[in-house]
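Visitor: Please give me a close look at one part of this model, the protein surface around the nucleic acid, and then set that part in its wider surroundings.

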2 protein chains.
Amino acid sequence: MTSRPTLASLAEQLGLSRQTVSNAINAPERVKPETLRRVNDTIAATGYRPNAAARQLRTRRSRNLGFRLMPVEDGINGAILDRFLHSLTENLQEHGYRVTLFAARDDEAEIRSYDELLETSDLDGFVLAGTHHGDARSDWLLARSVPFVTFGRPWNVSGDDKDCAHSWVDVDGRAGTAEATNYLLGRGHRRIGFLGWPAGSGVGDDRRAGWASALDEALTPADLDALSVGVPDGTRQGAEGARLLLERGATAVVCASDSLALGASEQFRAATPGNPAAVIGFDDTPVAAAMGLSSVAQPVEQAAKEIVDIMRHVLDGAPDEQVPVTHRLLKPRLVLRDGGGPLASPLSS
Amino acid sequence: MTSRPTLASLAEQLGLSRQTVSNAINAPERVKPETLRRVNDTIAATGYRPNAAARQLRTRRSRNLGFRLMPVEDGINGAILDRFLHSLTENLQEHGYRVTLFAARDDEAEIRSYDELLETSDLDGFVLAGTHHGDARSDWLLARSVPFVTFGRPWNVSGDDKDCAHSWVDVDGRAGTAEATNYLLGRGHRRIGFLGWPAGSGVGDDRRAGWASALDEALTPADLDALSVGVPDGTRQGAEGARLLLERGATAVVCASDSLALGASEQFRAATPGNPAAVIGFDDTPVAAAMGLSSVAQPVEQAAKEIVDIMRHVLDGAPDEQVPVTHRLLKPRLVLRDGGGPLASPLSS
DNA sequence: CAACTGTATTTGAACGATCAAAAGAGATAG
DNA sequence: CTATCTCTTTTGATCGTTCAAATACAGTTG
């Protein structure tokens, strides 16, 4: 066994030239079928693999995409990004791409990283999670026409998604909370509260809107107003908010996150012992599963797949081809559990 | 603004040769101080960054390490790997290394990935999580003398770590459960149970051993035997196991995971209403934090740092220098919380 | 038969860095 | 004055691939 085979060594072995072997790999249609077969045979026999660095040097493509790891926050909601990242990696891998991670404390540091990673030319593009409108990061990338797709809408103030200059894939939170609310309506609840975050966050307001739309006919605007509470994310805050909602006569609650739902569920169970809590969370995190909490599940695997599709379109397309900006809104799925904590009996439905 | 600066363009600008500029970057001591200053100035002025691909092609180093994303399991314990990965990325980044992710369904597929990633020569080494003795992966990597460090001991049957042929960093689970048990002893508990997994898993047995050693004097062997329960990981199983322990007179319990602890805590609270549950989990996952559960925290950040240190030693050292195999066992930390779920009152200690 | 067509293959250069060895400039010694 | 040594800088080759253009060859065509 000598050294690793290269194009040149293969070519010599076959009595061909480098370039023909190269063509057999990258542009098979240019090569005579008979030759192609011979080349493929020896490639298989020798286990030849093109050297990534050499290829990258010449083509200026690394088949590597960057993903920024967000600072670990509460970790409950972080779990969903974990699943996303996993799925992203798998999907990209199938198409010969890889994910390179990088960490950054804030958006500014993230941009510095972009610069660095692009300058050394080892990344072809980026996948961003959680952009906001006027996001310095997307602006920076757009200005340099670096390929990127975001998981999450930019939430531009105008509310008009059409003018967004970059592709994104997101989950329709509004549809999710609407479905959750409708489910509770179907179970006979009327005074269904919404436990979310302080107004102003795109995601939060969207989720609230779904709840409000579902109750549009069942409740008066005044009631809607009373039954909507906004608190910072967290279990304790969730319990606090739920207490308020209970005081205002809520018999069920739809939450903007599983953290909130966890706190709320505890509060509801304490208030109405014996009854399974009519609390629905968001994100279907492992905690929700462990606690038997119903929750709205984001189809992160599908999101990752769609993002990869868009990316491939951009990266594998002809160099000058102008790929249209794509926006995809995915429907979440309501996952029903007994809702009463790990030991509660199943719903008698 | 023309095109990206290269060594050659810098050299021309300075009236020097490529190699001198290269030396200024990679071996400053070989360059006259005055020249070095001039070079550094123009590097700063032009924002020059060496092209990673070209460098990689020549040096056969990518400054990229591979990390396999495990299949998402329960996600509760997955959170700890998430933190680890984050810290790993940050630490490597500080030293000019990057993390490339890849997914694999099983060990065999993982090995195929190694092969692929190494052949195309874009990875310098790997960081593995969760190895076991006789692990095909570590054997494969060792046989090819690919640099790698594992997070987790290989748990070889002999129990003798000394003969392990590769470097690892791990957390001393035994010390963790011992500390937890001692804490409960200090609080007046005597019949302290252990809720773990079925015997046979290295990690699980290690954690059980810590509990047993702390109770060595307080309990008879028979009691120890009765107060140790092994069940598959999960909240429901934890509750089930805790029921058993309560029947056998346990007043407190140390668990091998937060999932188990979560179920146990629920069970204990139901059995002794009013009292905060004397349940201690393991891993200090977000769930534990959210539920106010005490737990043994693994210093994953430190583990990541140590792993990076070892890796740097191997990769940045002289090519022929034989780096000694390193084993590091880190002490976990007991994180105390009220233990009574999100709404329970704090301990009246 | 010369001129054209199209297909299949080859050649030389380039990508941007580093390695190995040579060369130039001073200093020191014999 | 030459030889030797050290310090600094330069030269030419090389890593393995792809690009752009050239070549070879067979088949049409007027």
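Guide: A residue is taken to be near a molecule or strand if one of its heavy atoms lies within 4 Å of it. The model is predicted, so to speak of local features requires pLDDT of at least 70, side-chain atom pairs count only at pLDDT 80 or more, and totals for chains, interfaces and linings use all residues. Residues are numbered from 1 along each chain as its sequence is written, chains are lettered from A and ligands numbered from 1 in the order in which they are written, and side-chain values use heavy atoms, with hydrogens and water left out.

Let us begin with DNA strand D. There are 28 residues around DNA strand D, and those that come nearest are A:L7, A:Q19, A:Y48, B:T35 and B:R60. Of the atoms of DNA strand D that come within 4 Å of the protein, 55% are accounted for by sugar and phosphate.

Three arginine side chains approach the bases of this strand, by the rule for a polar contact (a pair of N or O atoms within 3.5 Å; within protein, one must be able to donate a hydrogen and the other to accept it, and residues adjacent in sequence count only if both atoms are side-chain atoms). A base oxygen of DNA strand D is 2.6 Å from a polar side-chain atom of A:R58. For B:R58, a polar side-chain atom lies 2.8 Å from a base oxygen of DNA strand D, and for B:R18 the corresponding distance to a base oxygen of DNA strand D is 2.9 Å. Both chains supply the elements here: α2 and α4 of chain A, together with α2 and α4 of chain B, give two or more residues to the surface near DNA strand D. Such elements are DSSP runs numbered from the N terminus, namely helices (H or I, at least four residues) and strands (E, at least two). With 5 residues, α4(A) gives the most to the surface near DNA strand D.

By class, this surface divides into 8 nonpolar, 11 polar and 9 charged residues. In this scheme Ala, Val, Leu, Ile, Met, Phe, Trp, Tyr, Cys and Pro are nonpolar, Asp, Glu, Lys and Arg are charged, and the others, Gly among them, are polar.

We turn now to DNA strand C. It has 27 residues around it, of which A:T35, A:R60, B:L7, B:Q19 and B:S22 come nearest. Sugar or phosphate holds 58% of the atoms of DNA strand C within 4 Å of the protein, and bases hold the rest.

Several phosphate oxygens of this strand have polar partners, as follows. A polar side-chain atom of B:S22 is 2.4 Å from a phosphate oxygen of DNA strand C. B:Y48 places an N or O atom of its side chain 2.7 Å from a phosphate oxygen of DNA strand C, whereas A:K32 uses a polar backbone atom, 3.0 Å from a phosphate oxygen of that strand. Two or more residues of the surface near DNA strand C come from each of α2 (18–26) and α4 (52–59) of chain A and α2 (18–26) and α4 (52–59) of chain B. Here α4(B) gives the most, with 5 residues. The surface near DNA strand C comprises 8 nonpolar, 11 polar and 8 charged residues.

The two chains that supply these surfaces also meet one another. Contact, meaning heavy atoms within 4.5 Å, joins 53 residues of chain B to 54 residues of chain A. The size of an interface is often given as the accessible area lost when the parts come together. For chain B and chain A the buried area (accessible to a 1.4 Å probe, lost on being put together and summed over both) is about 4800 Å², with 58% of it on carbon and sulfur atoms.

Across this interface the rule finds 8 salt bridges (a side-chain nitrogen of Lys or Arg within 4 Å of a carboxyl oxygen of Asp or Glu). The side chains of B:E266 and A:R269 form a salt bridge, at 3.3 Å from N to O. The interface of chain B and chain A also has 10 residue pairs in polar contact, both at pLDDT 80 or more. Elements of chain B that each supply at least two residues to the side touching chain A include α4, α5 (78–94) and β2 (98–103). From α5(B) comes the largest share of that side, 8 residues. By class, the side of chain B that touches chain A has 24 nonpolar, 13 polar and 16 charged residues.

How values were computed: Buried area is the accessible area (1.4 Å probe) that two parts lose on being put together, summed over both.
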